[in-house]
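Thanks for coming. I will go through one structure for those who have not seen it before.

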Amino acid sequence: MGFILWVLIYCLGLIVIFNNGVKVEASHKAYMHLQSTPAVNINQVHRTGYHFQPTKHWINDPNGPMYYNGIYHLFYQYNPKGAVWGNIVWAHSVSKDLINWKKLDPAIYPSKPFDQYGCWSGSATILPGNKPVILYTGIIDKNNTQVQNYAIPADLSDPYLTKWIKPDNNPLIVADISVNKTAFRDPTTAWWSGDDGHWRISIGGRRRERGMAFLYRSKDFVHWVKAKHPLHSRGGTGNWECPDFFPVSVFGKNGLDTSFVGSGIKYVLKVSLDVTRYEYYTLGTYSNEKDRYVPDKGMIDGWNGLRYDYGNFYASKSFFDPSKNRRILWGWANESDSTADDVKKGWAGVQLIPRTILLDPNGKQLLQWPIEEVETLRGKKVELSNRKLVKGEKVEIKGITAAQADVDVIFSFDSLDKAEPFDSNWDRYDAQKLCSQKGSTVEGGLGPFGILTLASENLEEYTPVFFRVFKAKDEHLVLMCSDATRSTLKEGNGAYRPSFAGFVDVDLTEKKLSLRSLIDNSVVESFGAGGKTCITSRVYPTLAIYGNAHLYAFNNGTQTIKIDSLNAWSMNKPLKMNQ
């Protein structure tokens, strides 16, 4: 079947009929006068040391990540001509360890009628016979009309798959009259059903204000037919971008291939909401027979739902890594500074440290954790244990490069009695608002306690990552914050410095909370309670840079907190980052 399918993909053509235009939609603000302003001098001050980023210019969505013949591939949206969005191509980098990366020439760029106005996001699928194919969104006119195309490697014997071909029988999928063709993008990795011999993909979009995950089927990966109903949809959520759909194991600790079928699994549907610029996911059930995804009871679609990350994290894409039987998640973090600052420094955007994804044993959410390979970058280590912190106390973690570090700490407390009452008028779904009111310096009962990252010596600048425990009517609620409001002394028109926050669904029976933060000059990625709640902040200190950055553990609650264990490492740079 694999050989026949590959021949069909090469040889078959499609008759394409374009429907009439509707309202044009796009996700990024266009600065036409800056799109082709190349970087002359690259400002290194806030560039990351060990995160993925090109040597200069703008990047956004990670695209088509895959593991193929011993090589990890990452494609990503990239502007080769400037530090703002525009002139987008599919840049391409390869790695053997997800840490050191070799830059290749762009794999896909506008060149044909079916993508002459843009090559937007998409996914990779490994077809039978070990043959990779990319599905991506092409922009065909100035009205932002979106179609779905495919590309294939020019030479499968090339270990890096350097060159990709876009056959002339593109586009494969065109929006019919029922679909808003300017909100019709980002095809998923395909999944295969042996029951009916069809491939399936989902494509993001909207119908009026109803978010849509459209469903398409194909027997040969060339001729695609839209299902009568979407994979899933939800009213009032607006446009759905960058959908991702995959199974997770209920019992095991391994990831699953996208096409895996069997017992003991749940499905994850993730969408990026154009309206909020955050990502949301639900867990549920799916059967190829009904071709419908049904979220579990209690799951919330949209604004009040679960998120991969409650901070600066968007347009993520996951893939199955067969070499280690794991599912890996890539996510993009945009700059939080102004566009003028991006242009001045000559670069914008990073890909965050890849994360493994597992189902929490409670079955109600996912767990995310930095891939184990990042630990190979650990350098000098310092440790602290059995250290009590009374109200108002802080302790500096000395001996490491605080601007570029990996910190893993377990806090404990003797009692929950001092947890503050949770006001019934507060919104349980708006943790960010609560964090903005209950910051790290606002005295509480049980908390706030945590760490002060990228702090200046006298605390003129710092980014705190912390917990605060509340007592609701019949449960305790744990608030986790990553607060950028005091991260810099720099005045910033157009800058975004929020108090990112999320609640942590954690059992406090043992009266412990863990926190791990990856600190990298202008990035703070934090993982609460073993990855139950994740928050990423982008910050730009003026004093707390390089060797002038400090790291503290603190407690501003009346309940004494104990640091059971704290391990912190200086983090080295990879030997090669997109050179």
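**Strands, salt bridges and a pocket**

I start with strand β28, which is joined to strand β38 (residues 561-571) by 8 bridges, the two running antiparallel. One pair to look for on the screen is Ala405, whose bridge partner in β38 is Ser570. β28 also pairs with strand β34 (residues 512-520), again in the antiparallel sense, over 9 bridges. There, Gln404 stands opposite Asp520 of β34. As for how covered this strand is, β28 spans residues 404-412, and 7 of its 9 residues are buried.

Before going further, a word on confidence. This is a predicted model. The average pLDDT of the protein is 93, and 94% of the residues score at least 70. Over residues 1-8, however, the pLDDT is below 50, and that stretch has 16 contacts in the model beyond near neighbours in sequence. Residues 10-26 also stay under 50, and for them the model has 47 contacts beyond four places in sequence.

Next, a sheet. Which strands make it up, and in what order? There are 5 of them, in the order β4-β3-β2-β1-β22, forming an open sheet with mixed pairing. At the edges are β4 (102-108) and β22 (347-348), each of which pairs on one side only. Inside the order, β1 (residues 57-68) and β2 (residues 71-79) run antiparallel and are joined by 7 bridges. To place that pairing on the screen, find Met66 and then its bridge partner in β2, His73. As general background, strands of a sheet pair through backbone hydrogen bonds, either parallel or antiparallel.

Now to charged side chains. In general, side chains of opposite charge can pair when their charged atoms come close. How many salt bridges does a search of the whole structure find? The count is 37. I will show three pairs and one network.

The pair I take to begin with is Asp115 and Lys166, whose side chains meet in a salt bridge at 2.6 Å, N to O. Asp115 sits in the loop between β4 and β5 (118-127), and Lys166 in the loop between β8 (164-165) and β9 (173-174), so this pair ties together parts that are 51 residues apart in sequence. Are these two residues buried or exposed? Asp115 is buried, and Lys166 is buried as well.

Then there is Arg234 with Asp301, a salt bridge at 3.1 Å, N to O. This pair links distant parts of the chain, 67 residues apart: Arg234 belongs to strand β15 (residues 232-234), while Asp301 is in the loop between β19 (292-295) and β20 (314-321). Here the two partners fall into separate classes: Arg234 has a relative accessible area of 37% and is partly exposed, whereas Asp301, at 17%, is buried.

The last pair is Lys490 and Asp341, with a salt bridge at 3.0 Å, N to O. Lys490 is in the loop between β32 (476-483) and β33 (499-504) and Asp341 is in helix α2 (residues 339-345), so parts 149 residues apart in sequence are tied together. Lys490 is partly exposed, with a relative accessible area of 28%. Asp341 is buried, with a value of 17%.

As for the network, salt bridges link Asp321, Lys324, Arg326, Glu372 and Glu373.

Back to the loop between β19 and β20 for a moment, since Lys297 is found there too. Why does Lys297 count as exposed? Its relative accessibility is 89%, and the cut-off for exposed is over 50%. Measuring on the screen from Lys297 to Gly349, C-alpha to C-alpha, you should get 37 Å in space, for residues 52 apart in sequence.

Finally, the pockets. Rolling a probe the size of a water molecule over the atoms shows where empty space is left. The largest pocket has a volume of about 1000 Å³. Its lining has 36 residues, and those nearest the centre are Leu306, Arg428, Tyr429, Phe503 and Asp505. Which element gives the most to this lining? That is β33, with 4 residues. Elements that each supply at least two lining residues are β18 (278-287), α3 (431-437), β32 and β33.

That is where I stop.

Methods
Residues numbered from 1 in each chain as written. Predicted model: local features only at pLDDT ≥ 70, side-chain atom pairs only at ≥ 80, totals over all residues. Heavy atoms only, no water. Pairing = 2+ DSSP bridges. Salt bridge = Lys/Arg side-chain N within 4 Å of Asp/Glu carboxyl O. Buried < 20%, exposed > 50% of the residue type's maximum accessible area, 1.4 Å probe, protein only. pLDDT = per-residue confidence, 0-100. Contact = heavy atoms within 4.5 Å. 1 Å grid on protein atoms, 1.4 Å probe; cavity = no way out; pocket = protein on both sides within 12 Å on 5 of 7 lines; lining within 4 Å. Points joined across faces, edges and corners; volume = space filled by probe spheres on them.
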